[in-house]
Amino acid sequence: MKRRRTDDVREFEDNEKGQELDVHMHKGSTDRDRGNIALLMFLYILQGIPLGLAGSIPMILQQRNVSYKDQATFSLSFWPFSIKILWAPFVDALYLKSMGRRKSWLVPAQYLIGIFMLILSANIDNLLGLESSKSPDVIIITTIFFALNFLAATQDIAVDGWALTILSRENVGWASTCNSVGQTAGYFLGYVVFLALESKDFCVNYLGQTESLVTLSGFLFFWGIVFCVTTTAVWLFKHEKDVKEDVDDPTFGLIETYKVLSKTFNMKVMRELIIILLTCKIGFAAADSLTVLKLTENGVPKDKLALLSIPLTPIQIFLPLYISRYTSGPKPLTPFVFGYSFRLIFGLVFAGLVWMTPSFKLGDGSYPLHYYCIIVVVYLLHQVTVNCMFVGIMAFFARISDSSVGGTYMTLLNTFTNLGGNWPSWVALRFVSEMTWKSCTGVPDVISCNSEENKLACEGGGGKCNVDIDGYYIESVTLVAVGLLWMQWGLPAINKLQNLPLSVWKVMQRGD
């Protein structure tokens, strides 16, 4: 089976291969691969576009006053990249020889993304309720973006495999660079650029326009055309090498790949590690999934929050390079252990930031510059803890992975890492409303606004619903406490696992 690098693993490999890149560049000229490098970069940019758009939808939904249950529902649309190991073997093993191993999946996936975007562009305003007073159709929106992310994940598998054969041997180090830079740029276009240009306030105040420059429907239509046109060009004019076997990895058929997955999963140490991966991020769920939505709920403009990610981007690129120097050797999880407790504390810091946000609001409803500076500083320090954990766990995966089973081992570990973040976030979004207490003022017969029926009765009678206890703060404190309890078991368990000999992590023993 061809080597597949998942989104998290690729970012780690970018860091590890930073020094190797110079070696590749000196060993051979990139002149003959310049076109292939440009193609890979563009394909990864395309992959990031639907991911960025999906990332912007929760902020649009928040402005449409959808419930947090609906936000939890939409969060399911991000799951395909976390579970793509389920169908990755099909992408590796099944293809049409006449089209090529990777183009057999790349071309249909990108065409379908383009078609989805074109159809969605004509219906998105209606689905979001932008043209009327009706509520957004969250179920359909979630289904559509789940499908888009499924197709993007499939394209990711195909491009990852193609990247290792489309480049010459001396320039193959450019593959991870194209992935990291391209996908980040695509996400930036679909998230930051879209939210900024879609914001009337930003376009009027900063670009000298009278209206917003783009709409969601227009943005989708444009990129739908781009997907269809460029996919046609790749299909017709870019030929794929007929490579029978990857020189670095063993080649498994479809059945053999699933057998390897089953054997890996049945290892005792692997099951212990999976339990850790599925539970270690519970303490961060409220901070990770709710903070930005709560800031938007308090009136912080979504375009401003998106633009704040710009100064954080260089940090996210260079910080892992610095942390990686502490992950070499027999204890790569040292940064993970160091960053865990500090990241837990930020759960309370974020809650404090949200609580203080209304006090910064000016008379015209805007926020001063120093407030946004505070947000940048808080998120910058938070990124240090996030990267300490991320780089540490990825270094540990690279150390224990059994190279005899190719990329399957790493893909399995990465799957449970992503799931360990997804399911607590869904729970935090799903139940925050149940932990929120709202009372009614102005209507004597209505006391509570906790149910939709009581809310309508209160507002219909001329009253006002007030939040007395916000479930976000309850979840923040409770989950941080759960995280502190987890540390008593989890951190010693992590130290035990990283002290085990590498032989216990081997799947394919001699004679297999």
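This report covers one helix, one pocket, one cavity and one disulfide of the structure.

The model is predicted.

**Helix α22**

Helix α22 runs over residues 471–498 and has 28 residues. From its first C-alpha to its last, α22 reaches 37 Å, close to the 40 Å expected at 1.5 Å a residue. The axis is not straight throughout: α22 bends by about 45 degrees at M487. The N-terminal end of α22 is capped by D470, which places a side-chain oxygen 2.9 Å from the backbone nitrogen of Y472.

**The largest cavity**

α22 also takes part in an enclosed space, as it is one of the elements that give two or more residues to the lining of the largest cavity. The structure holds two cavities of 30 Å³ or more, and about 50 Å³ of space lies in the largest. Its lining consists of L273, I276, L277, C280, L333, F336, I393, F396, I494 and L497. Besides α22, the elements giving two or more of these residues are α14 (268–279) and α19 (369–400). The most comes from α14, with three residues. What classes of residue make up this lining? By class, there are ten nonpolar residues, no polar ones and no charged ones.

**The second largest pocket**

The second largest pocket has a volume of about 1,100 Å³. Its lining is made of 32 residues, of which N65, V66, S67, K438 and K455 are the closest to the centre. At least two lining residues each are supplied by α4 (68–75), α15 (285–297), α21 (452–460) and β2 (464–469). The largest share, four residues, comes from β2. By class, this pocket is lined by eight nonpolar, eleven polar and 13 charged residues.

The two linings are set out by class below.

| Space | Volume | Nonpolar | Polar | Charged |
|---|---|---|---|---|
| Largest cavity | about 50 Å³ | ten residues | no residues | no residues |
| Second largest pocket | about 1,100 Å³ | eight residues | eleven residues | 13 residues |

**The disulfide of C440 and C458**

There are two disulfides in the structure. One of them joins C440 and C458, with the sulfur atoms 2.1 Å apart. The link is right-handed, with 90 degrees about the S-S bond. Which elements does this pair tie together? C440 lies in strand β1 (residues 437–441) and C458 in helix α21, so the disulfide connects parts that are 18 residues apart in sequence. Helix α21 is also among the elements that supply at least two residues of the lining of the second largest pocket.

Notes: Residues numbered from 1 in each chain as written. Predicted model: local features only at pLDDT ≥ 70, side-chain atom pairs only at ≥ 80, totals over all residues. Heavy atoms only, no water. Expected span 1.5 Å × (residues − 1). Bend = angle between axes of the 7 residues up to and from the residue. Polar contact = N/O pair within 3.5 Å; in protein donor to acceptor, adjacent residues only side chain to side chain. 1 Å grid on protein atoms, 1.4 Å probe; cavity = no way out; pocket = protein on both sides within 12 Å on 5 of 7 lines; lining within 4 Å. Points joined across faces, edges and corners; volume = space filled by probe spheres on them. Nonpolar A, V, L, I, M, F, W, Y, C, P; charged D, E, K, R; others polar. Disulfide = S-S within 2.5 Å.
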